[in-house]
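User: I'm new to this structure and would like to learn how to read it. Could you walk me through a few features?

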Amino acid sequence: MIEAVLFDFGGVILTSPFEAFARYEREAGVPEGLLRGLNATNGDTNAWAQLERSEVTIDEFCALYEAEAEAAGHRIDARRVLDALAGELRPEMVEALRRCSAKLKTACLTNNFVTTAGHVDREQQMADVMALFHVIVESSKVGVRKPDPRFYDMACELLEVEPSACVFLDDLGINLKPARAMGMTTIKVVSPEQALADLEAVVGFPLG
């Protein structure tokens, strides 16, 4: 019996950050996939991971990230990469979230980062959407990021549900794997249409 729906934010409620990475790579004339490659290398200790756990400042991140790119043979502007990540809301996913929130517990599980003092990336401009979640777990605030199992444990504890009563949507398989191992039903978001069809089948009520 599903009691809670857990949503990733970027790539699920928002358009994919990988689209923004690809745009930057085209504009900067660096190889396609460079940024994703940097973020996947030493995935728990690289610059991006440290930023999302609030272990480094923006300035420190930029220096580290640009050094990682240099080591890979390319030059990037880390601030321009961050600026590209605003993303656009997916209206159909917001409506699905609204309907889920009316019937079930909902949580946002997001790896994000602090951009300026007191402001977490996307939080303010997305306030109306964020208010639809009963619980929000942000890597920048809790100091843990997906796919660390502790991140999912925090969400379950806050929602007061067992993992087996949750369905979790994310666009990255690496983030779904630990959730599935804990007993959650998982949905990999390839497109909004596919994700909504899969989610409707799990929750048993219309989402659009």
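User: Which hand does the crossing of α6 and α11 have?

Analyst: Keep in mind that this is a predicted model. The crossing of α6 and α11 is left-handed. To place them, α6 covers residues 91-103 and α11 covers residues 192-203. Their axes come within 10 Å and cross at roughly 20°. Angles under 35 degrees count as roughly parallel, so α6 is roughly parallel to α11.

User: Which residues of α6 and α11 meet?

Analyst: On the α6 side you'll find Glu92, Met93, Ala96 and Cys100, and they meet Pro192, Glu193, Leu196 and Leu199 of α11. Sorted by class, this contact has 6 nonpolar and 2 charged residues, with no polar ones.

User: Okay, now pockets. How much space lies in the largest pocket, and which residues are closest to its centre?

Analyst: The largest pocket holds about 690 Å³ of space. Its lining is made by 30 residues, and Phe18, Glu52, Asn111, Arg145 and Leu172 are the closest to the centre.

User: Which helices each supply at least two residues of that lining?

Analyst: Look at α1 (17-28), α2 (34-40), α3 (47-52) and α10 (173-181); each supplies at least two residues of the lining. By class, the lining of the largest pocket has 11 nonpolar, 9 polar and 10 charged residues.

User: What about the backbone: where is there a cis peptide bond?

Analyst: Check omega for that one. A cis peptide bond joins lysine 146 and proline 147, with omega about 10°. Proline 147 sits in the loop between α8 (139-142) and α9 (149-159).

User: And which residue other than glycine has a positive phi?

Analyst: Try asparagine 42, where phi is near 50°. Asparagine 42 is in the loop between α2 and α3.

Terms used
Residues numbered from 1 in each chain as written. Predicted model: local features only at pLDDT ≥ 70, side-chain atom pairs only at ≥ 80, totals over all residues. Heavy atoms only, no water. Axes fitted to C-alpha atoms, helices over the stretch in contact; angles between N-to-C directions. Helix = DSSP H or I, 4+ residues; strand = E, 2+ residues; numbered from the N terminus. Parallel < 35°, antiparallel > 145°, perpendicular 65-115°, else oblique. Left-handed = near helix turned anticlockwise from the far one by under 90°. Contact = heavy atoms within 4.5 Å. Nonpolar A, V, L, I, M, F, W, Y, C, P; charged D, E, K, R; others polar. 1 Å grid on protein atoms, 1.4 Å probe; cavity = no way out; pocket = protein on both sides within 12 Å on 5 of 7 lines; lining within 4 Å. Points joined across faces, edges and corners; volume = space filled by probe spheres on them.
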